[in-house]
Structure formats: C-alpha cells, structure tokens
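I opened the model to look up its folding elements one at a time. These are my notes in the order I made them.

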Amino acid sequence: MASTSPFTPLLCVVDFHHARGPEISHWFGTSPAGSDPQQPQEENGGWGLIPYMALPDGAHRGVEEFSYFSLVHKPKPTTGEGGGDRSEDGEGDGNRKGDGNGDQAAARDGGVGSGGGAASKETSIFGISCCQSIPASSLLWKSEDVTRSAVQKAVVALTDQPERFSKLREKLRVVTRAWFAQRDFRDVEILQRFQENLSREVVVGSREEEDGQQYFGLSLREMVYQYKWQMLVLFKCLLLQPKMLFFGSHCERVCQVQFSLLSLIPNLVKNLQDCADPQMNSHAESLRKPDSVRTSDSSSFLAYLGVPLQLFGKGSVFGPYTPLQQLDILTDLDTKSYVVGSTNSLLIQQKDRYCDVLIDLDENAISILSPTLRSAVALSVADRRWIDFLAQQVTDTWDDTDPSRPKTHGYAGSEEFIRLQFEEYLLALLSAEKYHQHLSSHPNNKDRAAGGNGGDPKALLADIEGDPSSDFSPAFLDAWRQTENYALWSRTTDTHLFDLVDPRHPCAGGITIEDVQRRLAAQIAELHLDERFSATREVVGKRLVEGREQVGAAFGRVWADVEALREAQRRRAEEARAAAMAADDGGEVRNGSHLQYAARLPKPDLGQAQASVAAAGQRAGAYLSSWGSWAAEKRKVGWQRQFSGSQVTAPTQDGKQRGDVVTKEGRPKVPAVDEVGRQDAHTGREAKEAG
C-alpha cells in the first residue's frame, strides 16, 4: 500500500471498566507534542472507537479472541526536515484520559514524519487486537477498579501494512500471553519493547520480503471446500461492489474470511489505502495509464493490465470488524458499497436494510437479497465448469487433520494453486472485455467476428471466434460496466490488452455431456447421501435391536403372566378341592341322623328283580317264536295274496288270540318301546303282588 511517508506502528492497551465500558489505558510509540486533545472525535478518523473495535461483541465468551479493523490516518504537518519532534510515552496512568480520545488524537498525529511541512493526504491504517481474560483471583496486584471475577484486556497493534497481519498476529499473541502470565499489569516493559521492535522492522525491513508470507494463515482452501461453486459467486459479487455483510459469532473467522476473499485479486490487500472512509479517493486521483510494461516482472505486468482493480475508493468502505457505533457510516448516503463484518445479531435482524449480500458463517449460508444482483452473478456454463474443476481439486486433496494444505503435499489444490487459478480467470475476463470493446468500436469487425464478410480480418484474432466475453455471462458484464472500478480500469488501461493475454475463458465452450455428468455428480455429492444413509443405517439397526429387545421383553412378560395365571388357577383348584373335602367330612358329622334314617330303609329284593328279568326274557322269546311261525306259514300259503290292511291274529303263548293291525304289505305292526315298557312294568307289579 503506497504511502507518502512511513507509518510507525503503534501499540495500545484497552481495558474494560465495569462502569465506563471499554477504554484505552496505555499508548506506546506516540508523539503527543503539538497534539490537540480537544480535537472533535468525528475528525479523528474513528480513533475514538478503537476500544469498541478491540473488544468485539461476544469476546467475553472465550479466553482469547482477535479482531481486525480499519482507521483513517491523517498526519499533521511537521516543521523541519525529516519530521517533527518525537517522544515515546511511558506507559502508566498518566496517559489515561477519560475515554482515551486525547491519546488517540496524539497517536493519530504522532509517530510519523511527513517532511517539508506540507500536510499529507489521509490514508488508511489497520489495527489488530488480541483480547484475553484472566481470573481476578490469580492476579498478584489488583487495582481498585477490579470488581468482577475476571479481568479482560486487549493489546492492539496499528500498522499500515495489512499484508503483514499473519506474521504480526503470531507475535502479538505471544506478547499478550507473556504479559498476562506476569499477573501484574503494572509491568508493561514487554509491550514497550514489542513496539520498538515493530518500529525497527519498518525501517530496515523490505515489503517485498513479505510477499511470500502475506497470505499465510488465511483459510482460502476451507472457503472453497465449504462453498464450492458459490465461491465464484462471491468473487463476482465483489467485482460488482454491492453491500456485503459477513456475520459470525467468532470475530477472527469473520475477519479472515474477508481478507481471504480480497486476496483472490492480486495485490489488492497491499493497496487498501482508501478503504477506511467513503470520502477517500487518493489512488484514483493519482493513477495514470502506464506506457510501458516489463513482462518478466509480475508487478509491472499486473499493473499494466490494471490489476488490482480499485474496489475501495470513493463511496466504498472496508471494515473487517465493524461495531454498532459505526453504523452511521454504513447508512450514510455517500456510502455506496462496502465489505464489513459483524458479530452482533441485530444486523441480521435488519439485513434488508444493511446489505445486498449476507454471508452467515455460523450457518455456512450465502443470501443474495437483491434480485438484480442475483441474476447478474448467475454463473454461465463455462463459469460452472471452471469452478467445479477447482472445487474438485480441493476436495480430492482435502485432509481433515490439516485443512491448510493438500494431503498429497503437492501443488494441485494448494492455496497458491487456488489464487493463481483466480488470477488466470480475472486476467482472462479483463482481456475478453477489452476484445469486446475492440469489436464494439468497429461494427464491421464485430459483424465479421459473428461470421459475416465485413470488416478487416487483420483487426481480429485468428484463433478467436465470435465475442469471447459472452462466456463470462453477458448479464454480469453489463452490471460490471456500471461500477466505479470498471470505469477507472477502462480509463487507465491500454485498449489492446488482448495482445498480452488470451481473451478466452479458461473453460470456454458449450455444454457437453461431461458437464452434465459432473454437475449431477456434484449435486449428488452435495446431498451427502453416504453420510445420511450411514446415519440412517445406524439408526435403523439401533431401532431394530431395541425393538427386538422390547418384543422379547413383552413376550417374557406375557409368558410370566400366563404362568402366574396358571399357578393362580392351580392354587384356586387346590383350595376348592381342599374346601370340598373339608365340607364332605363336616357333612357326615353334621348329617349323622340322616345316615341312620337311610340305614333303616328296606333293602332292595334281589330275587324279585331276577324274577322280573326272567319273565321279561320269556315273553320276548315267545314273541319271537310266534313271529317265526307266522312267517313260515306265510311263505307256504303266499302271503302276498292276503288283503292288505286286514286284521290278523297271532297266537300267544297262553293260547289266546290277540289282534294286531297289519299294514298293507301284510307285515304286523311292531309294538313301540314304551308299550313294551308299560307291559313289563305291569307284569312286574303282578309278580310282586303274587309274591
């Protein structure tokens, strides 16, 4: 990030007072000489909000938290050559003034030499804070202001080189932990030495040496793995400069995801000098069209192509962490676009008011609230083919134990691989747009590119058919041409960039069967059927086991109930039998007189019974004998000629005639059983009387 003069890194300590809230207690590296403590806060470039930026919402829920934010730095003119007076404050309570605005003004004005006495233009600086807490009972010394069970403080480092945040974060973390480990916050020597070390690095260090480390620690692989094709949607949204809000409960993750997205545009992280305020536009005012290029020098080549695109200039704001106290900047009429982060759910409840695109990191969801923007960032066939290839490379090399690098330890799927792929996509987009402008400026050439016969064939590229910009989605290009960054890029770049970069989409071409198969495979993979089915199988298996156990237990209970019922029935039967036997024994004793009466009754005469039986047998034999005689007589005479129904007499044993009724066939009627019984009874009575 270009600057008129080197900015000396500053350090401060933010306390949380139980009555006054967050406030700055110490400054290191400031130059208070000539500062105006009464300077209005609105002219401080937001320095009065440092305590709220350093202690983000929800920081008390964790032991350690990081926050990133942007500020406006406006150096005051100094006298003399090489800068004004410098003095380094001690630490101590003498630097503490209410809410810290006086010291913030001093810090804003001090620590820099501008030379020549002329005021420098405003520029953006960045802060990173490490917030930690410690139980109050473990402190060796406590001030009177400590009234709670835990003490929370944040150590804040301010720098104009956000590309060094990854390295600075690790140093700040170590220093903050060491300071807390002392358990005596009066000893700030370690913080003083840390600020001095940061100042020496600015003087003797080279920013080019940090190029290899500027992206270290950013979770770009995790973003591609998590969002896949939506990653390209976010990239296109960024180019269209809408109002983008990143929300999450973890402040550091919210900030790092934003820096990861910005790092996809080469050198953008190092050129954020106008991002802290919507009124700043120094880069656009000083930018000129380059007249030469060194293709062997990457920086020169990218600058000639107009990279990085100036996404944060007049009307735009970038605030990695934006507290509620800065909402007035977001709602200001001069603020047309921004990329900000928040951990306060109040913004989510009013998302329609504060953003066009909402990225909820807690839910891993991207919501495009503007219908116009949603149609503009719709991916073309070539776009989807390209991002599917990139996402597949990351997925194939994903390692759950170490998400930051491929499991193959190779180049494919690495952080550098992802950034170079996006760089290739961006350069192809810029070249294709310049070729589109070239075709549009010569209607005949455009007609020839479409297959006509007009135009100069030498003015067209031989290996390019038609307008290659259509592969990037015409709706997106129409929306991009309305943005400020496009106007600045188009004005300050050469018209024949397509001579340096092939104006063709990296995955140009119509839809093929491979695209359909890949799309279906990706959609099926996004459903996570294996995971869902495995979980379902586990649940079904568990339910089957539980059901088997429950059914077995139910059968066991039923069998036990049946056995208990049987046992009860046997017991009742035994009790009834015993009661019956007891009743019989008792009845003989109680009814003895009845037994004696029964004994006095006459016994039956067996001889008489036998005589009755013999008489009955004789009568039956005589009857059968007479029947046989009658039948034999009929056979002789021919009983068929007898008159049917006539009366016949059958002889009896005593020689008397007894008339029987004969049927039409001449057969005698057989007496009924009851008649024989009455006869036997009559005979028995006669025998009894005779006896």
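**Entry 1: the whole chain**

I began with contacts between residues at a separation of 6 or more, and found that 75% of them join residues 24 or more positions apart. The model is a predicted one. I noted 23 helices and 12 strands in the protein. Of its 691 residues, 42% count as buried.

**Entry 2: the five-stranded sheet**

I looked up an open sheet of 5 strands next. Its order is 2-1-5-4-3, and the pairing is antiparallel. Strand 2 (21–28) and strand 3 (64–73) are the edge strands, each pairing on one side only. I read an average turn of 25° between neighbouring strands of this sheet, direction ignored.

I then went through the pairs in sheet order.

- Strand 2 and strand 1 run antiparallel and are joined by 7 bridges. In this pair, leucine 11 has phenylalanine 28 of strand 2 as its bridge partner.
- Strand 1 (residues 10–17) is joined to strand 5 by 6 bridges, again antiparallel. I found leucine 10 opposite leucine 158 of strand 5.
- Strand 5 and strand 4 (residues 123–135) share 10 bridges and run antiparallel. Here cysteine 130 is bridged to valine 155 in strand 5.
- Strand 4 and strand 3 are antiparallel too, with 10 bridges between them. Glutamate 64 faces glutamine 132 of strand 4 across this pair.

I checked burial for two of these strands. In strand 5 (residues 150–159), 9 of the 10 residues are buried, and I noted the strand as mostly covered. Strand 3 is an edge strand, yet I noted it as mostly covered as well, with 9 of its 10 residues buried.

**Entry 3: a helix on the sheet**

Which strands does helix 3 touch where it packs on the sheet? I listed strand 1, strand 3, strand 4 and strand 5 as the ones that helix 3 (residues 165–181) touches. The direction of helix 3 makes about 35° with that of strand 4.

**Entry 4: helix 5 against helix 14**

For a packed pair of helices I wanted the angle between the axes and the distance between them, as is usual in describing such a pair. Helix 5 (residues 220–227) and helix 14 (residues 381–396) pack at about 110°, and their axes are 9 Å apart. Angles of 65 to 115 degrees count as roughly perpendicular, so I entered helix 5 and helix 14 as roughly perpendicular to each other. The crossing of helix 5 past helix 14 is left-handed.

Which residues make this contact? From helix 5 I noted Arg221, Val224 and Tyr225, and from helix 14 Ala391, Val394 and Thr395. Sorted by class, the contact has 4 nonpolar residues, 1 polar and 1 charged.

**Entry 5: helix 6**

Is helix 6 largely enclosed or largely open? I counted it as largely enclosed by the rest of the structure, because 10 of the 11 residues of helix 6 (residues 230–240) are buried. The cut-off for buried is under 20% relative accessible area. The buried residues are Met231, Leu232, Val233, Leu234, Phe235, Lys236, Cys237, Leu238, Leu239 and Leu240. I noted that a lysine, Lys236, is in that list.

Last, I looked at what follows helix 6. Glutamine 241 comes after the helix, and its phi is positive, near 55°.

Definitions and conventions. Residues are numbered from 1 along each chain as its sequence is written. This is a predicted model: local features need pLDDT of at least 70, side-chain atom pairs count only at pLDDT 80 or more; totals for chains, interfaces and linings use all residues. Side-chain values use heavy atoms; hydrogens and water are left out. Buried means under 20% relative accessible area, exposed over 50%, partly exposed in between (1.4 Å probe, protein chains only). Helices (H or I, at least four residues) and strands (E, at least two) are DSSP runs, numbered from the N terminus. Axes are lines fitted to C-alpha atoms, for helices over the stretch in contact, and angles run from 0 to 180 degrees between N-to-C directions. Angles under 35 degrees count as roughly parallel, over 145 as roughly antiparallel, 65 to 115 as roughly perpendicular and the rest as oblique. A crossing is left-handed if the near helix is turned anticlockwise from the far one by less than a right angle, and right-handed if clockwise. Contact means heavy atoms within 4.5 Å. Ala, Val, Leu, Ile, Met, Phe, Trp, Tyr, Cys and Pro count as nonpolar, Asp, Glu, Lys and Arg as charged, and the others, Gly among them, as polar. Two strands pair if DSSP finds at least two bridges between them.
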